[in-house]
Amino acid sequence: MTLARNTIALAAALLSAAACASSTSSTGATAAPVQGSMSPPSPDPRIGLRAGATDAAEATWNMRKVSTTPSSAKFTGVTNSDLAFIGNYAIQGNYNGYQVWDISNPAQPTLKTDYLCPASQSDVSVFRNLLFVSGEGTSGRLDCGTQGVQDTVSHDRLRGIRIFDATDITNPKYIANVQTCRGSHTHTVVYDPKDPQNVYIYVSGSAGVRSPSELPGCSSLSPDKDPNSALFRIEVIKVPLANPQQAAIVSSPRIFQGLTAPPEHGDAPEDIAAQQKQLAEAKARGAFTASVQGREIVIPGRFVRPMLDSVVKARQGTGAATAADSAALRAALPGIIARMFGGGQGQGDGPRPGPTQCHDITVYPEIGLAGGACGGYGLLLDIRNVANPVRIDAAADSNFSYWHSATFNNDGTKILFSDEWGGGGSPKCRATDKMEWGADAIFTLENNKMVFHSYYKMPAAQTSLENCVAHNGSLVPVPGRDIMAQAWYQGGVSVFDWTDPAHPKEIAFFDRGPVDSTEMGNGGSWSSYWYNGVIVSSEISRGLDILELTPSPLLSQNEIDAAKSVRLEYFNAQQQPKFVWPATFSLARAYVDQLERSKGLSADRISATRKALTDAEQASGSARSDALGRLAQQLSGDASASGDRAKVEKLATAVRDLAAAK
């Protein structure tokens, strides 16, 4: 019997569901903030926090929570996803659409619009007056309807990119869409300075290939059998800024060509035992199972039911599925799974092929590079020809399970990749989990090659009821340092310094207890991004968190003020801007604080420099500029004898720029 093609996005969902094991949770009282310390608090207040959907205990160190704002009624109980920013607004994706928040007063964000347009996972990006939203699930509709799509093949289905005119951000207009064969799990906006009439979008689709009856030209065959296969490629969309309705796919670069299956570390022993027990119990109940990437898992009922419906329709029957229908589905499942995961690639007895898609791509146009987090690999891409990115290096690591996202440092000399082991639905920060699993991997970039240095993982053990793994984050623009704020789902938000790539160090955190004390709940920080002075976190179930860094011996007030001096007109984390600091006294003082911390200048010179800056700030006109000019000259002389020459030279340049500033 031939089954109608089912394009349900099983991949991440199946593996995540299979990896979850339940146990009891510890509880504790609300932890008081522990601020201003050089060393992390001991015992760590994140351990044993009281659970609760709305009243979980919280713990902070070297930062504070400014506000938590619940989602609107349309979005309550539905997963919040990624963030984008423009002006005073934070745009928060949600599986039901997106919400636009005015965060000009971080203590009281106000909802400007909640646009109902269901699609998983509604990742959002902005560029000038345009808003882009990803759609990948099979229930998303072209008309944004909430009734879903019941047919296996339907021309009402949206899987790709929605385009909105957000000239009036409080009243966006849905103006166009671009359909893709695998939908859009995530996407990346790329601006090419050589092509100011257009903006480009890199589309990462990780779902199964849709039927050519639904979208002509879609093929799930391997490239050796069909050179136009939708596997082993990304899509590049060109959007004419003057007429975005003409947006279309202009290339499908095969950036995975030649990659073979990466080494794998397997599951933790505790997880293997729990999975075997669950599998045996499920089989005893007659549940459907399948082998996915070499592992037998239980297929959740929400995926089985529509497939059984397809079997009934295929035999032109009605009503409930029969025992014969169930048998037919069991026989067909291996082929369905193979098509969805790119199985049967025609490789013969050779090595298995590598990833067929990226999860996320982060571009850094100023240096002409991108980091592709692509399942089993981290890729370094040359994007100087924006429409045709080219792979120039690839890294695999047996400690990594699912390369998820990438972040460059501001100088473009390092890149960090996150590992979303377990797909984001599993507890991977337990005391029994290795610190190398579900972590970040830090590389330096040397002659367009990635050189591994170390891992970073949020260090506080979480319970087995908290999905916890490395997820989305961004740089905090502290001058002279590489500092990142990162989401860890129910592991909270961790801020860490990776200036020394071999020794990353946590410097601040915010965390809550589990959503539920009896079972795995849906919650935690999906993404945590610095934007114009605050850290904004998309809380999966609790709404929008806004956090603020506080001064400590690890991060001074001057460094925080210098970071706040960087103001962006808009921000998409996957489209990294190059931070440029305006000439301010806080910038110069931030470098002085860093030199005191590193002992790059003597205590006497630190004291004298601070006094000179204070005196100059109190002066005006030529007296100020002359004083700053003399100080810059003195610092240039200090540099040659300093143990931190590069930092002293940065300080001298900052003072010189301050002298020239009006």
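Strand S19 (residues 377-382) and strand S20 are joined by 5 bridges and run antiparallel, where strands and helices are DSSP runs numbered from the N terminus (E, at least two residues, for strands; H or I, at least four, for helices). Two strands are taken to pair if DSSP finds at least two bridges between them. Within this pair, Leu381 has Arg391 of S20 as its bridge partner. Both strands belong to an open sheet of 4 strands, ordered S17-S18-S19-S20 with antiparallel pairing. Its edges are strand S17 (360-364) and strand S20 (390-395), each of which pairs on one side only. On average, neighbouring strands in this sheet are turned by 20° against each other, direction ignored.

The model described here is predicted, so local features need pLDDT of at least 70 and side-chain atom pairs count only at pLDDT 80 or more, while totals for chains, interfaces and linings use all residues. Residues are numbered from 1 along each chain as its sequence is written, and side-chain values use heavy atoms, with hydrogens and water left out. The predictor's confidence in each residue is given by pLDDT, on a scale from 0 to 100. Its average over the protein is 91, and 93% of the residues score at least 70. Residues 1-29 have a pLDDT below 50, and this stretch has 96 contacts in the model beyond near neighbours in sequence, a contact meaning heavy atoms within 4.5 Å. Another stretch, residues 343-347, stays under 50 in pLDDT and has 12 contacts beyond four places in sequence.

A further open sheet of 4 strands follows the order S7-S8-S9-S10, again with antiparallel pairing. Here strand S7 (121-127) and strand S10 (173-179) are the edge strands, each pairing on one side only. The average turn between neighbouring strands of this sheet is 25°, direction ignored. Strand S9 (residues 160-165) runs antiparallel to S10, and 6 bridges join the two. One residue pair in this ladder is Ile163 with its bridge partner Ala176 in S10. At the other edge, Gln121 lies in strand S7, and the peptide bond that joins Ser120 to Gln121 is cis, with omega about 0°.

Some further backbone details can be placed in loops. The peptide bond from Ser42 to Pro43 is cis, its omega being near 0°. Pro43 itself sits in the loop between helix H1 (10-19) and strand S1 (58-61). Asn62 has a phi near 60°, a positive value in a residue other than glycine. This residue, Asn62, is in the loop that connects S1 and strand S2 (63-69).

Turning to the helices, the axes of helix H5 (residues 557-564) and helix H6 (residues 585-598) come within 8 Å and cross at roughly 140°. Such axes are lines fitted to C-alpha atoms, for helices over the stretch in contact, and the angles run from 0 to 180 degrees between N-to-C directions. H5 and H6 are therefore oblique to each other; angles under 35 degrees count as roughly parallel, over 145 as roughly antiparallel, 65 to 115 as roughly perpendicular and the rest as oblique. The contact involves residues of H5 including Asn558 and Ala562, and residues of H6 including Leu587 and Arg597. By class, this contact of H5 with H6 has 3 nonpolar, 3 polar and 5 charged residues, with Ala, Val, Leu, Ile, Met, Phe, Trp, Tyr, Cys and Pro counted as nonpolar, Asp, Glu, Lys and Arg as charged, and the others, Gly among them, as polar.

H6 also packs with helix H7 (residues 603-618), at an angle of about 170° and with the axes 10 Å apart. That angle makes H6 roughly antiparallel to H7. Among the residues in this contact are Phe585 and Val592 of H6 and Ile606 and Leu613 of H7. The residues of the H6 and H7 contact comprise 7 nonpolar, 2 polar and 5 charged.

Helix H8 (residues 621-639) and helix H9 (residues 645-660) pack at about 165°, their axes 8 Å apart. H8 is thus roughly antiparallel to H9. Their contact includes Leu628, Leu631 and Leu635 of H8, together with Val648, Leu651 and Val655 of H9. By class, the contact of H8 with H9 has 11 nonpolar, 3 polar and 4 charged residues.
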